[in-house]
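Visitor: I would like to go through this structure term by term and ask, each time, what justifies the word being used. Could you take me through it in that way?

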Amino acid sequence: MLAGNSGTENVVELLADALRSAGHDTMIFAPTIGEQAKRMAYRGHRVYDRISQIHDRPDVIHAHHISACFIAMAKFPDTPVVYTCHSAFFEIEAPLFHPQIKRWVGVDEACEDKCLARGVPEAQLSVILNSVDPARFKMRDALPEKPQRALLLTKNTAHLQSVRDACSTFNLQLDELGPAVGKVSTNLANELLGYDIVFATARMALEAAFVGCAVVVCDERGFAGYLASSNVKDWRKNNFGVRLLRRPTTRALITEAIEKYDAADAFKVTAHLRETASTDDYVAAYTSVYEAAIRLASTIDPVQIADANARWMEELIVTGEERIWYKIASEMCWMPRYESEYSRMSENISALVSHSDEATKTISALSSRTALIVESLSAAAAQTNHAVAQIDFLSRQTSDLSNELNAIQDHTAKSYNILFNLKLAYQTLVPSIFRRMNAVRRQRISREKD
């Protein structure tokens, strides 16, 4: 049974495929099931995320992290365990003594030293260097004389700009993959076929060189340099990893490494790795370790197992003491450190204070503007009241004039009626002959005046 958390998916898949091809039945246990595990299940592997789902007792448990290892050992206390340390840095990878673990494996010299420093007996420790499946990672066509396309594979970000700047100097088209840039490929074996030079560390560097790419070993932790036929043997012993990253990753060093690009020498590197780092020797080495552990299964003492389980629980179960569980939770970001959480909260409080200050300034400015608007509205209201008073005054004057006009109209109508009646009386009482004589007289008087 292969047991581990996320982070060793490629190793687990590599071993599971190789062991199945060799006729061995495998079960895979991981508390967290990712896309890769789902694809493995689709291809027929038995994948579990709950230990209670596993009913068949395995012959051997191959563990990759102490948390998943402890769960598997608790389920199968009479099954021997092989434990692989993949990192000399992370506590979740560090070996923790337990009598059920019969064999230990380090993936490079740094991990070997880590195991020895933690008390692993040298006789029970093997170094099995990482390998690559040649059936998945095909060899690319011959490299061009000058690189044209570059790929950055990374889990961290501090060196990104240095790589980008150096590539721009050579007009290299740079693509980026990895958790640090939010773009993860599920088919890296085919992706690598299209690149001439790759910036990477650890297994990613190994896979890129295995395919036939030229490789510059670097990340934000540090810079190793250009992978060449003269250093590939020594660098592989350290898994192209942290022990080699002795200098800071700068634009100048990356530029210098790109200038060392040599298509012919890169081919020599690839040829060496495809001969020495294939899965055939890898599976054979692990099979030998499994067999050695199984032979020691009868030496498992239940009393010693119970005592060791209690000690592991002290370290791994959450308590008030900051033991191994606290270190693992912190480094895996399952639980932020108090200092980090306090710093984050302080930043949030500072941001809130800053926003509050800005809001206060805004409110003050709005208050000033509101006061001006209120003052303007008051002046406008006063002007409006004055205008209304004038309108009322004019309205009253208009009403008085209208009344006077009506009175004049009545008086005029009465005068007209009187004149009209006088005219009628004159026409009735005075004979027409006298009216004509009077008219002739008026005409004569008028001519005499002329």
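Guide: Let us begin with a pair of strands in this predicted model: β8 and β10 run in the parallel sense and are joined over 3 bridges.

Visitor: What makes β8 and β10 a pair?

Guide: Two strands count as paired once DSSP finds at least two bridges between them, and β8 and β10 have 3 bridges, so the criterion is met. Within this pairing, Leu 152 has Phe 199 of β10 as its bridge partner.

Visitor: Which other strand pairs with β8, and over how many bridges?

Guide: Strand β9, residues 173–177, pairs with β8 over 5 bridges, again in the parallel sense, and Leu 153 stands opposite Leu 177 of β9. Between these two strands the chain passes through helix α5, residues 160–169, in a β-α-β crossover that is right-handed.

Visitor: Why is that crossover called right-handed?

Guide: The word is used when, with the strands pointing away from the viewer, the path from the first strand over the helix to the second runs clockwise; the path here leads from β8 through α5 to β9, and this crossover is assigned as right-handed.

Visitor: Why are β9 and β12 called edge strands?

Guide: The sheet is open and has 5 strands in the order β9-β8-β10-β11-β12, with mixed pairing. β9 and β12 (222–226) each have a single partner strand, so one side of each is left without a neighbour in the sheet. From one strand to the next the twist averages 20°. In the interior of that order, β10 and β11 pair in the parallel sense over 4 bridges, with Ala 200 opposite Val 217 of β11. Helix α5 packs on the sheet, where it touches β8, β9 and β10, and its direction makes about 160° with that of β9.

Visitor: How do you know that β8 is mostly covered?

Guide: Of the 5 residues in β8, 4 are buried, where buried stands for a relative accessible area under 20%. β8 (149–153) is also among the elements that each supply at least two residues to the largest nonpolar core, which has 31 residues. Helix α7 gives the largest share of this core, 7 residues, and Leu 153, Leu 192, Val 198, Leu 227, Phe 240 and Leu 273 touch the most other members. Separate from this one is a second core of 30 residues, which includes Ala 63, Ala 72, Tyr 83 and Ile 101.

Visitor: What makes Phe 240 a buried residue, and where does it lie?

Guide: The relative accessible area of Phe 240 is 1%, and the limit for buried is under 20%, so Phe 240 is buried. Phe 240 lies in the loop between α8 and α9 (251–259) and, leaving aside residues up to four places away in sequence, its contacts include Ala 202, Leu 206, Val 217 and Trp 235. The backbone is notable too, since most residues other than glycine have a negative phi, whereas Phe 240 has a positive phi of about 50°.

Visitor: Why is Ala 202 called partly exposed rather than buried?

Guide: Ala 202 has 23% relative accessibility, and partly exposed covers what lies between the buried limit of under 20% and the exposed limit of over 50%, so Ala 202 counts as partly exposed. Ala 202 lies in helix α7 and, although not a glycine, has a positive phi of about 55°.

Visitor: How do you know that Arg 140 and Asp 196 form a salt bridge?

Guide: The test asks for a side-chain nitrogen of Lys or Arg within 4 Å of a carboxyl oxygen of Asp or Glu; the N to O distance between Arg 140 and Asp 196 is 3.1 Å, so the pair qualifies. Arg 140 lies in the loop between β7 (125–127) and β8, and Asp 196 in the loop between α6 and β10, so the salt bridge ties together parts that are 56 residues apart in sequence. Both partners fall under the limit for buried, with 13% relative accessibility for Arg 140 and 5% for Asp 196.

Definitions and conventions. Residues are numbered from 1 along each chain as its sequence is written. This is a predicted model: local features need pLDDT of at least 70, side-chain atom pairs count only at pLDDT 80 or more; totals for chains, interfaces and linings use all residues. Side-chain values use heavy atoms; hydrogens and water are left out. A nonpolar core is a set of buried Ala, Val, Leu, Ile, Met, Phe, Trp, Tyr and Cys residues joined through side-chain atoms within 4.5 Å. Buried means under 20% relative accessible area, exposed over 50%, partly exposed in between (1.4 Å probe, protein chains only). Contact means heavy atoms within 4.5 Å. Axes are lines fitted to C-alpha atoms, for helices over the stretch in contact, and angles run from 0 to 180 degrees between N-to-C directions.
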